[in-house]
Amino acid sequence: MAARCEICGKGPMVGNHVSHANNRVKRRFNPNLRRVRAVVDGAPKRIKVCTTCIKLGLVVKAA
């Protein structure tokens with residue numbers, strides 16, 4: 001299951017988890033995705049959307 005926003009295409013990023021002893025271990029930052037019922041091409045459909053797109057109003061929710 002891909003962790004990718006279907007509106008903006010935002011996906012996972014990688015970085016380091018840094019401890020107090022400055023040890024570095026690779027980690028993964030996943031986008032904050034929500035499954036919403038949205039209107040896509042005039043019909044309601046369940047899509048995975050990041051919360052940034054929801055806050056910006058890029059998603060037209062189905063009633």
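**Exercise 1. Take Val40: which residues does it contact beyond its neighbours within four places in sequence, and is it buried or exposed, or in between?**

Start with the contacts: once the neighbours within four places in sequence are set aside, Val40 is in contact with Lys45 and Ile47. Keep in mind that this is a predicted model. Next, place the residue: Val40 sits in strand E3. Now the accessibility: Val40 has a relative accessible area of 27%, so it is partly exposed. The cut-offs behind that call are under 20% for buried and over 50% for exposed. To finish, try a pair far apart in sequence: Val40 and Ala62 are separated by 22 residues along the chain, and their C-alpha atoms are 9.2 Å apart.

**Exercise 2. Work out how far you can trust the model, using pLDDT.**

Look at the average first: the protein comes out at a pLDDT of 95, and 98% of the residues score at least 70. Then go element by element: strand E1 (residues 13-18) has the highest mean pLDDT, 98, while E3 has the lowest, 95. As a rule of reading, predicted coordinates should not be read in detail where pLDDT is low.

**Exercise 3. Find the largest nonpolar core and say where Val36 and Cys53 fit in.**

Step one is the member list. The largest nonpolar core has 10 residues: Ala3, Cys5, Leu33, Val36, Ala38, Ile47, Val49, Cys50, Cys53 and Val59. Two elements give two or more residues to this core, namely strand E3 (33-40) and strand E4 (43-50).

Step two is Val36, which belongs to strand E3. Its relative accessibility is 10%, so Val36 counts as buried. Skipping residues up to four places away in sequence, Val36 touches Lys45, Arg46, Ile47, Val49, Ile54 and Val59. For a longer span, pair Val36 with Val60: they are 24 residues apart along the chain, with 9.7 Å between their C-alpha atoms.

Step three is Cys53. With residues up to four places away in sequence left out, Cys53 touches Cys5, Ile7, Cys8, Leu58 and Val59.

**Exercise 4. Which residues form the nonpolar patch on the surface, and why does Leu58 count as partly exposed?**

The patch is made of Ile7, Leu56 and Leu58, and together they have about 300 Å² of accessible area. Leu58 lies in the segment after helix H1 (51-56). Its relative accessibility is 48%, which is why Leu58 counts as partly exposed. Link this back to Cys53: both Ile7 and Leu58 are among the residues that Cys53 touches.

**Exercise 5. Place Arg28 and list what it contacts.**

Arg28 is in strand E2 (residues 24-29). At 51% relative accessibility, Arg28 counts as exposed, because the cut-off for that label is over 50%. Apart from neighbours within four places in sequence, Arg28 is in contact with Pro12 and Met13. Val14 is worth checking too: Arg28 and Val14 are 14 residues apart in sequence, and the C-alpha to C-alpha distance is 4.5 Å.

**Exercise 6. Where do Asn22 and Asp41 sit, and what is the sign of phi at each?**

Take Asn22 first. Asn22 is in the loop between E1 and E2, and phi there is positive, about 65°, although Asn22 is not a glycine. Asn22 counts as partly exposed because its relative accessibility is 45%.

Now Asp41, in the loop between E3 and E4. Phi is positive at Asp41 as well, about 55°, and this residue is not a glycine. At 82% relative accessibility, Asp41 counts as exposed.

Technical notes: Residues are numbered from 1 along each chain as its sequence is written. This is a predicted model: local features need pLDDT of at least 70, side-chain atom pairs count only at pLDDT 80 or more; totals for chains, interfaces and linings use all residues. Side-chain values use heavy atoms; hydrogens and water are left out. A nonpolar core is a set of buried Ala, Val, Leu, Ile, Met, Phe, Trp, Tyr and Cys residues joined through side-chain atoms within 4.5 Å. Buried means under 20% relative accessible area, exposed over 50%, partly exposed in between (1.4 Å probe, protein chains only). Helices (H or I, at least four residues) and strands (E, at least two) are DSSP runs, numbered from the N terminus. Contact means heavy atoms within 4.5 Å. pLDDT is the predictor's confidence in each residue, from 0 to 100. Patches are made of residues with over 30% relative accessible area and no salt bridge: like charges are joined within 9 Å, nonpolar side chains (Val, Leu, Ile, Met, Phe, Trp, Tyr) within 5 Å. Accessible areas come from the Shrake-Rupley method with a 1.4 Å probe; for residues, only the protein chains shown count as cover. A salt bridge is a side-chain nitrogen of Lys or Arg within 4 Å of a carboxyl oxygen of Asp or Glu.
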